[in-house]
Each structure stands twice: as structure tokens, then as C-alpha cells.
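Trainee: Please choose a single part of this structure and examine it closely. I should like the account to begin with its own geometry and to proceed outward to its surroundings.

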Amino acid sequence: MAITFYYASGSPFAWKVWLALEHKQLPYELKLMSLQNGELKKTDFLAINPRGKIPVLVEDGTAIRESAVIVEYLEERYPDRPLFPGNAQDRATVRRVIAEVNNYLYPVARRLLEQTLFRSDDSGDPAVIAQVLTELQQELSYFEDTLLGDYFADELSAADFTFYPMLALLKRLHDKQPQYGADCLIRAKLTAFMQRIEQLPYFELTTPPHWKA
Ligand SMILES: N[C@@H](CCC(=O)N[C@@H](CS)C(=O)NCC(=O)O)C(=O)O
């Protein structure tokens, strides 16, 4: 068995997979890719992902792509230290939260980041930013209400690893550009959730390398 994990620093989709690899205590080789220098669109990389996106996990010559699929693959192939509950209904809950993060929360968070963190200047449209902050607050309130206790299921699961990086990106936005008040979006229950993930023994290893600089 040899796993190669292609990722990029700060990608929420790659972070989810990295947390899953670490949680399952699997050996893997890390390949740090750049989102900026065009290497994802070069022939070599397009051979493992024709969409030119990370994350990609290659094992025994097979490339697995799409973060949610990669995590399901890891779960099937390495069922120890599970990331999905044993009961079918609880598994459905975890899969639903993952789909909701990807289909509803991420597009709204992405719009905010495109107006703010992804710009080198202050050129974001204030009206768009205000609108997106309101939408994001609604989304985050939904997820706050959906948390069962400590996590989205009885135990730590793939849903938590999917959701956490979205919050971390908002926290990063606040650290870099506090004028938007993005920290106010993360209220007490979600702050406690973040702290629980950040206390996992392998968490530190998975933090985006360029955030540590
Ligand atoms: N649905 C994909 C999304 C992957 C994705 O959007 N990756 C971004 C980084 S966060 C990427 O590779 N962007 C490079 C590009 O589109 O050129 C997944 O879940 O893996």
C-alpha cells in the first residue's frame, strides 16, 4: 500500500482529506501543489485529475478525486477508526451534512472570500459583502442548530472534517481583514466546536503550511 496525497495549502477540500488520513493513522506521501503557478493544469497533473483540481489521492496507481469520494473510499478501504457511524440513519445524517456544506455553505463562503481574502486590495463591493455576510449568518445558524452535541453525529465523523475548514477560513479572513467582522459569524457553540477539532492530537500537523508562516 502506498498513498500519495496531492493537496494545496488552505484548500478546505484538501484539509478534510488530510484530517481523515491522520485520523485513520494511515501512512501517506504528501505532494504540496500550488493553486497559483499553473501546475494543476499541466499534463502530468491533468493525467490524475482532468479537472485540474486538488485534492487527489493516488493509491496503487489509481487516482481518486473529489474530496467527499476520497473520504468514503478511505472509510471503505480502511474501516478502522471509522469516520461514518455504524447505523444507516446516522450515516445518512453525516452524508447529508457533508452535502449541505458543499452545496449550500461553501458557495456562500466562497462569494465572501472572493470579495475579500482573495483580493490583494480593498476592492470588494461593500453591498455584496453585506449581503453575503447576512446569508452566511443564516447558513451558520442552521449548522449550529444541526450540531447534535459535540459533533454532527454521536461521534467525530467525516461531517465534522468537512465543516471545520469552512469555519477556519472565516477565522482566517478575520485575522487578515478584521474590518468585515467575520469572527462575529462564529458564535459560542461553533467556537466550542472549532476548539474540539483543534484539540485533536493530529490537528496541528494538518494546518495549512502557509498559515504557519
Ligand atoms: N468538489 C471538489 C472541489 C475541489 C476544489 O475546488 N479544489 C480547489 C482548491 S480549494 C482547486 O483545486 N482549485 C484549482 C482550480 O480550480 O484551478 C472536491 O470536493 O474535491
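Mentor: The expected span of a helix is 1.5 Å times one less than its number of residues. Helices (H or I, at least four residues) and strands (E, at least two) are DSSP runs, numbered from the N terminus. The model is predicted, and local features need pLDDT of at least 70, side-chain atom pairs count only at pLDDT 80 or more, whereas totals for chains, interfaces and linings use all residues. Residues are numbered from 1 along each chain as its sequence is written.

The part I have chosen is helix α1, residues 12–23. Its 12 residues should span 16 Å, and the end C-alpha atoms are indeed 16 Å apart, which agrees. A second helix, α6, will recur below: its 19 residues reach 28 Å from first C-alpha to last, close to the 27 Å expected.

Burial comes next. A residue is buried if 20 or more other C-beta atoms lie within 10 Å of its own, exposed if 12 or fewer, and partly exposed in between, with C-beta atoms placed from the backbone. By this criterion 11 of the 12 residues of α1 are buried, so the helix is largely enclosed by the rest of the structure. The buried residues are Pro 12, Phe 13, Ala 14, Trp 15, Lys 16, Val 17, Trp 18, Leu 19, Ala 20, Leu 21 and His 23. They pack against β1 (3–8), β3 (56–59), α3 (67–77) and α6 (158–176). Of these, α6 is itself mostly covered, with 14 of its 19 residues buried.

Individual contacts make this packing specific. Two residues are in contact if their C-beta atoms, placed from the backbone, lie within 7 Å. Leaving aside residues up to four places away in sequence, Ala 20 touches Val 71, Leu 74, Leu 83, Ala 158 and Phe 161. On the α6 side, Pro 165 has its place in that helix and, apart from neighbours within four places, is in contact with Pro 12, Trp 15 and Lys 16. Pro 165 is buried, because 26 other C-beta atoms lie within 10 Å. The C-alpha atom of Pro 165 is also separated by 9.3 Å from that of Met 194, although the two are 29 residues apart along the chain.

These contacts belong to a wider arrangement. A nonpolar core is a set of buried Ala, Val, Leu, Ile, Met, Phe, Trp, Tyr and Cys residues joined through C-beta atoms within 7 Å. The largest such core has 50 residues, and those with the most contacts inside it are Val 17, Ala 20 and Ala 158. Elements giving two or more residues to this core are β1, α1, β3, α3, α4 (88–115), α5 (126–146), α6 and α7 (188–198). The largest share of the core, 11 residues, comes from α6. The core draws at least three residues from each of domain 1 (3–83) and domain 2 (88–198), bounds that come from an automatic or database domain assignment.

The domain boundary involves α1 as well. The centres of the two domains, taken over C-alpha atoms, are separated by 22 Å. Eight residues of domain 1 are in contact with nine residues of domain 2. On the side of domain 1 that touches domain 2, α1 and α3 each supply at least two residues, and the largest share, five residues, comes from α1.

It remains to place the helix in the chain. Together β1, α1 and β2 make a right-handed β-α-β unit; right-handed here means that, with the strands pointing away from the viewer, the path from the first strand over the helix to the second runs clockwise. Two strands pair if DSSP finds at least two bridges between them. Five bridges join β1 to β2 (residues 29–33), and these strands run parallel. Tyr 6 has Lys 31 in β2 as its bridge partner, while Tyr 7 stands opposite Leu 32. Four bridges join β1 to β3, this time antiparallel, and Ile 3 has Glu 59 as its partner there.

After α1 comes Gln 25, in the loop between α1 and β2. Gln 25 has a positive phi of about 55° although it is not a glycine. Gln 25 is exposed, because 10 other C-beta atoms lie within 10 Å.
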